[in-house]
Structures are given as C-alpha cells and as structure tokens.
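Work through the exercises below with the sequence and the coordinates open beside you. Try each task before reading its solution.

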Amino acid sequence: MGIKIKGLSKIYKEGDNVVNALKDVNISIDENEFVMIIGPSGGGKTTLLNMMGLLDTPSEGKIYIDDIDITGLKGEERTIYRRENIGFIFQEFNLIETLSVYENIILTRSLSGKATEKTYVKEVTEKLGIYDKLDSFPSKLSGGQRQRVAIARSIITKPKIILADEPTGNLDTHTSDSVMKILKKAVDEFNQTVIMVTHDLELVRYARKVINIVDGKAKYKNK
Ligand code: ADP
Ligand code: MG
C-alpha cells in the first residue's frame with residue numbers, strides 16, 4: 001500500500017524546444033507519511049505533484065496508489081478518483097467567487113453528494129484564523145486569507161493524499177506554523193499522507209522523509 005512511482009519521466013515539447021522535466025524517477029511513499037519535496041527551481045517538483053494528482057500524464061512510467069495504477073485511469077474514472085482521494089493546496093487558489101467561504105470549503109464533498117462534519121470545519125477554520133470569515137465572499141479577503149480558505153478546502157474532505165505546492169509561500173511565520181500543525185494533524189490523527197513542496201528548509205523538520213528533486217531526478221534523504 002502507499003504510493004509507488006516507477007520509472008516516471010515527463011517530456012514537454014513545444015515546437016523544437018524539448019524539456020526533460022522528470023527523468024526515470026522512482027519513489028516509494030508509505031501510507032500515512034509526511035514527505036517534503038525540496039530542490040532548486042525548475043527541477044521538476046511541480047511536474048511530479050501534477051502527475052501524482054492526476055492533473056497531467058507522464059511520458060513514461062507508472063504511479064500506483066494502493067496498488068491501483070492511476071496513470072491508467074481515463075476520463076470520468078480519473079476525475080472521480082482525483083475528487084475522492086486527493087486534496088490539492090496549490091499556489092493559485094482557484095476559489096469560486098460566487099460562493100461564500102463556507103460553501104467553497106465544503107464544495108468538494110458537496111460535489112460527491114456527501115455531508116461535511118461541522119465540528120471539523122470549525123476546528124480547521126479556527127486554527128487557520130478564518131472562522132469569522134465563513135460567510136464572507138472570497139473577493140473580500142486578503143491574499144493570505146484566500147490561501148487559508150484553499151488550505152481548509154483541500155484538507156476538510158480528509159482525502160487519502162494531500163498534495164501541497166509551497167502552501168506556506170505567502171504566509172507570515174505564525175500562520176505558516178498553524179498550517180504546518182494542521183497538516184501534521186492530518187497525518188498523525190486522520191491517517192492522511194501529505195506530500196509537500198517547500199523552499200523553506202526550516203519546515204523540513206516536520207517530515208520523516210525528504211525527497212530532493214534536482215534536474216528531473218529524485219534523491220532521497222531519510223531521517
Ligand atoms: P519546479 O516546480 O521544481 O520549479 P517544474 O516542475 O515547474 O519545476 O518545471 C520543471 C521543468 O519543466 C522546467 O524546466 C519548466 O520550465 C518545465 N515545464 C514545466 N511545465 C511545463 C509546461 N507545461 N510546458 C513546458 N515546459 C514546462
Ligand atoms: Mg514549482
């Protein structure tokens with residue numbers, strides 16, 4: 001069980017320009033693990049997250065999640081798998097402006113026809129300092145607040161896997177700490193797996209496994 005990435009490569013082609021963004025990446029991630037991905041800009045970190053989140057398909061190789069080959073999923077199967085199993089915290093917040101903060105947060109579960117525990121919404125939004133904003137609309141929020149709504153939205157469904165691309169990038173130290181505590185709780189108490197890209201080496205201490213992605217290749221640093 002867990003995630004197994006085997007011989008993953010991604011080649012982007014634009015006219016004559018060919019970028020080898022991932023080169024034969026092999027990674028094994030246990031269930032219920034907190035993994036940090038670090039490495040220089042342009043190394044392939046976001047590309048790797050996009051593949052694991054079924055947002056893009058590899059040029060070669062396979063990704064197994066709990067022994068299901070997710071790279072083989074097509075069309076609606078892909079969408080449903082993604083919606084039910086993966087939570088994203090990306091830098092673009094993608095909030096829906098015509099829905100309130102509360103409606104944005106519960107949206108994914110509503111789409112699957114499931115109810116969301118109100119006590120967990122309260123707990124998460126209180127920790128993130130946005131509980132008093134639940135009835136507000138995204139256009140009334142600051143950038144940092146919008147980011148925290150996006151974080152709440154992606155963890156509230158308790159997806160099996162949370163993929164976070166620099167989630168603390170625009171946050172002050174205090175809020176960044178709250179975010180890390182919530183992600184750690186997701187792993188420790190809710191049995192989720194968190195895979196997080198960061199530039200902030202201070203945050204690496206939260207993870208048991210660190211994967212360094214350099215020039216499309218993965219190097220492990222187990223702690
Ligand atoms: P990182 O997240 O580590 O900064 P990326 O995964 O974003 O790195 O990018 C890895 C390489 O792939 C870079 O050279 C980048 O320019 C290239 N790249 C990423 N996405 C695309 C794309 N959609 N089309 C073409 N090249 C891309
Ligand atoms: Mg990136």
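The exercises that follow concern a predicted model, and they move from salt bridges to a ligand shell, to backbone angles and to buried residues.

**Exercise 1. Find the salt-bridge partners of E33, and state where each of the residues lies and how exposed it is.**

Step 1. Begin with the search of the whole structure, which finds 14 salt bridges; to count, a side-chain nitrogen of Lys or Arg must lie within 4 Å of a carboxyl oxygen of Asp or Glu.

Step 2. Apply this cut-off to E33 and R208, whose closest N and O atoms are 3.7 Å apart, and the pair qualifies as a salt bridge. E33 sits in the loop between β2 (17-29) and β3 (34-38), whereas R208 sits in the loop between β8 (193-197) and β9 (209-214), so this salt bridge ties together parts that are 175 residues apart in sequence.

Step 3. Turn to K209, whose side chain meets that of E33 in a salt bridge with an N to O distance of 3.5 Å. This pair also links distant parts of the chain, since K209 belongs to strand β9 and E33 to the loop between β2 and β3, 176 residues apart.

Step 4. Compare the surroundings: E33 is buried, with a relative accessible area of 3%, and K209 is buried as well, while R208 counts as partly exposed at 48% relative accessibility.

**Exercise 2. Explain why E126 and K122 are separated by about one helical turn, and describe the salt bridge in which their side chains meet.**

Step 1. Locate both residues in helix α4 (residues 118-127); because they are 4 residues apart there, about one helical turn separates them.

Step 2. Check the distance, which is 3.3 Å from N to O for the salt bridge between the side chains of E126 and K122.

Step 3. Assess the exposure of the two partners: E126 is partly exposed at 43% relative accessibility, and K122 is likewise partly exposed, with a relative accessible area of 36%.

Step 4. For a case with further members, look at E123, K127, K185 and E189, which a network of salt bridges links together.

**Exercise 3. Describe the shell around ligand 1: which residues form it, which elements supply them, and which polar contacts reach the ligand?**

Step 1. List the residues around ligand 1, which are Y12, E14, V19, A21, P40, S41, G42, G43, G44, K45, T46 and T47.

Step 2. Sort this shell by class, which gives 4 nonpolar, 6 polar and 2 charged residues.

Step 3. Assign residues to elements: β1 (3-14), β2 and α1 (45-52) each supply at least two residues of the shell, and the largest share, 3 residues, comes from α1.

Step 4. Examine the oxygen atoms of ligand 1, one of which is 3.2 Å from a polar backbone atom of G43. An oxygen atom of the ligand also lies 3.0 Å from a polar backbone atom of G44, and for T46 the partner is an N or O atom in the side chain, at 2.8 Å from a ligand oxygen. Taken alone, ligand 1 exposes 560 Å², of which the protein buries 63%.

**Exercise 4. For D66 and D67, state the phi angle and decide whether each residue is buried or exposed.**

Step 1. Recall that most residues other than glycine have a negative phi.

Step 2. Read off the angles: D66 has a positive phi of about 50 degrees although it is not a glycine, and D67, not a glycine either, has a positive phi of about 70 degrees.

Step 3. Place D66 in the loop between β4 (60-65) and β5 (68-69), where D67 is found too.

Step 4. Judge the accessibility: D66 is buried, with a relative accessible area of 16%, whereas D67 counts as exposed at 56%.

**Exercise 5. Which residues are in contact with T125 and with I156, once neighbours within four places in sequence are left aside?**

Step 1. Take T125, which lies in helix α4 and counts as buried at 0% relative accessibility. The residues in contact with T125 are I105, I130, Y131, L134 and A152.

Step 2. Take I156, in the loop between α5 (143-155) and β7 (161-165), which is buried with a relative accessible area of 4%. The residues in contact with I156 are I105, T116, Y120, V121 and V124.

Step 3. Compare the lists, and I105 appears in the contacts of both T125 and I156.

Key. Residues are numbered from 1 along each chain as its sequence is written. Chains are lettered from A and ligands numbered from 1 in the order in which they are written. This is a predicted model: local features need pLDDT of at least 70, side-chain atom pairs count only at pLDDT 80 or more; totals for chains, interfaces and linings use all residues. Side-chain values use heavy atoms; hydrogens and water are left out. Buried means under 20% relative accessible area, exposed over 50%, partly exposed in between (1.4 Å probe, protein chains only). A residue is near a molecule or strand if one of its heavy atoms lies within 4 Å of it. A polar contact is a pair of N or O atoms within 3.5 Å; within protein, one must be able to donate a hydrogen and the other to accept it, and residues adjacent in sequence count only if both atoms are side-chain atoms. Accessible areas come from the Shrake-Rupley method with a 1.4 Å probe; for residues, only the protein chains shown count as cover. Ala, Val, Leu, Ile, Met, Phe, Trp, Tyr, Cys and Pro count as nonpolar, Asp, Glu, Lys and Arg as charged, and the others, Gly among them, as polar. Contact means heavy atoms within 4.5 Å.
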